[in-house]
Amino acid sequence: MVDGRRLSVWIRRYPPLRWGLKAAVRLFAPRHHVGAVAAVFDDAGKVLLVEHVFRTDHPWGLPGGWVDPREAPIGTVQREIQEELQMQIDVRALLCVERIAPTVMANHPSHLGLAYYARLLSAGQATPSGEILSSKWVEPGEIEEDLSPFQRQAIVAGRALFDRERAASEERPASGRGVRL
């Protein structure tokens, strides 16, 4: 039987053992894909939907993309929305996390999905890139497109946060003092 404490000391003390352990972890540890999307709301409470070129199961959905190695997921949604739509957003909260299994029509692997609540910073219409066919602002209760269940859940949670922010801003005293969310 190997004494865990003694093994730990040896690994920390001898660089070749650390390198070996690092190589073994890289070879045998599970790898996961991570996708991040944002439920972006404008000042009127409408959510941004985009029609994606590469999504075959649910072409319409929230903007976002794959998290690059060494990239924070919040940075992913900010980068993707800037690259794909030339828009600036303020990411405010994590809405939901879920394992996303591929459907029959999907071209994506099984992955961990992260959905964030964000507010639009730059005014104006989105300017779609080559990865986006079209975009539109929609009242959450009036969405007719076939969205994934995960993204519908994110929109509902995002709208609840939007409504709380709006209610809190209306309750602030006229002097401008109050609690910022």
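## The largest pocket

A pocket is an open set of grid points, at which a 1.4 Å probe fits, with protein on both sides within 12 Å along at least five of seven lines, and its lining residues are those that have an atom within 4 Å of a point. In this predicted model, the largest pocket is lined by 29 residues, and those that lie nearest its centre are Arg55, Trp66, His108, His111 and Gln151. The volume of the largest pocket is about 670 Å³.

Several elements take part in the lining of the largest pocket, since at least two residues each are supplied by the strands β1 (33–41), β4 (64–66), β5 (89–100) and β6 (111–120), and likewise by the helices α3 (73–85) and α4 (149–171). When the lining residues are sorted by chemical character, 11 are nonpolar, 12 are polar and six are charged.

## The chain as a whole

The chain contains four helices and seven strands, and, read along the sequence, these elements follow the pattern α-α-β-β-β-β-α-β-β-β-α. The chain is more spread out than a compact globule, because its radius of gyration is 21 Å, well over the 16 Å that the globule rule gives for 181 residues. Taken along the principal axes, the box filled by the C-alpha atoms of the chain is roughly 65 × 50 × 25 Å.

Of the 181 residues, 35% count as buried, while the chain exposes about 11400 Å², of which carbon and sulfur atoms supply 57%. If one takes the contacts between residues at least 6 apart in sequence, 66% of them join residues at least 24 apart.

## Two residues that meet Trp66

His111, which is one of the residues nearest the centre of the largest pocket, has its place in strand β6. With a relative accessible area of 12%, His111 is buried, because buried means under 20%. Leaving aside neighbours within four places in sequence, the residues in contact with His111 are His33, Val34, Gly35, Trp66, Glu98, Arg99 and Ile100.

Arg79 is placed in helix α3 and counts as partly exposed, at 22% relative accessibility. Not counting residues up to four places away in sequence, Arg79 touches Trp66, Asp68 and Glu71. The C-alpha atoms of Arg79 and Gly64 are 8.5 Å apart in space, although the two residues are 15 apart in sequence.

## A buried valine in β2

Val50 belongs to strand β2, which covers residues 47–52, and is buried, with a relative accessible area of 0%. Once neighbours within four places in sequence are left aside, Val50 is in contact with Pro59, Trp60, Gly61, Leu62, Pro63, Leu85, Ile132, Ser134 and Ser135. Val50 and Ile155 are 105 residues apart along the chain, and their C-alpha atoms are separated by 13 Å.

## Two loop residues with positive phi

Which backbone angle is positive in Arg70, although this residue is not a glycine? The angle is phi, with a value of about 65°. Arg70 lies in the loop between β4 and α3, and, at 85% relative accessibility, Arg70 counts as exposed, because exposed means over 50%.

Gln86 also has a positive phi, near 55°, and is a residue other than glycine. Gln86 is found in the loop between α3 and β5, where it counts as partly exposed, at 39% relative accessibility.

Notes. Residues numbered from 1 in each chain as written. Predicted model: local features only at pLDDT ≥ 70, side-chain atom pairs only at ≥ 80, totals over all residues. Heavy atoms only, no water. 1 Å grid on protein atoms, 1.4 Å probe; cavity = no way out; pocket = protein on both sides within 12 Å on 5 of 7 lines; lining within 4 Å. Points joined across faces, edges and corners; volume = space filled by probe spheres on them. Nonpolar A, V, L, I, M, F, W, Y, C, P; charged D, E, K, R; others polar. Rg over C-alpha atoms; globule rule 2.2 N^0.38 Å. Buried < 20%, exposed > 50% of the residue type's maximum accessible area, 1.4 Å probe, protein only. Contact = heavy atoms within 4.5 Å. Areas by Shrake-Rupley, 256 points an atom, 1.4 Å probe, with all protein chains shown as cover.
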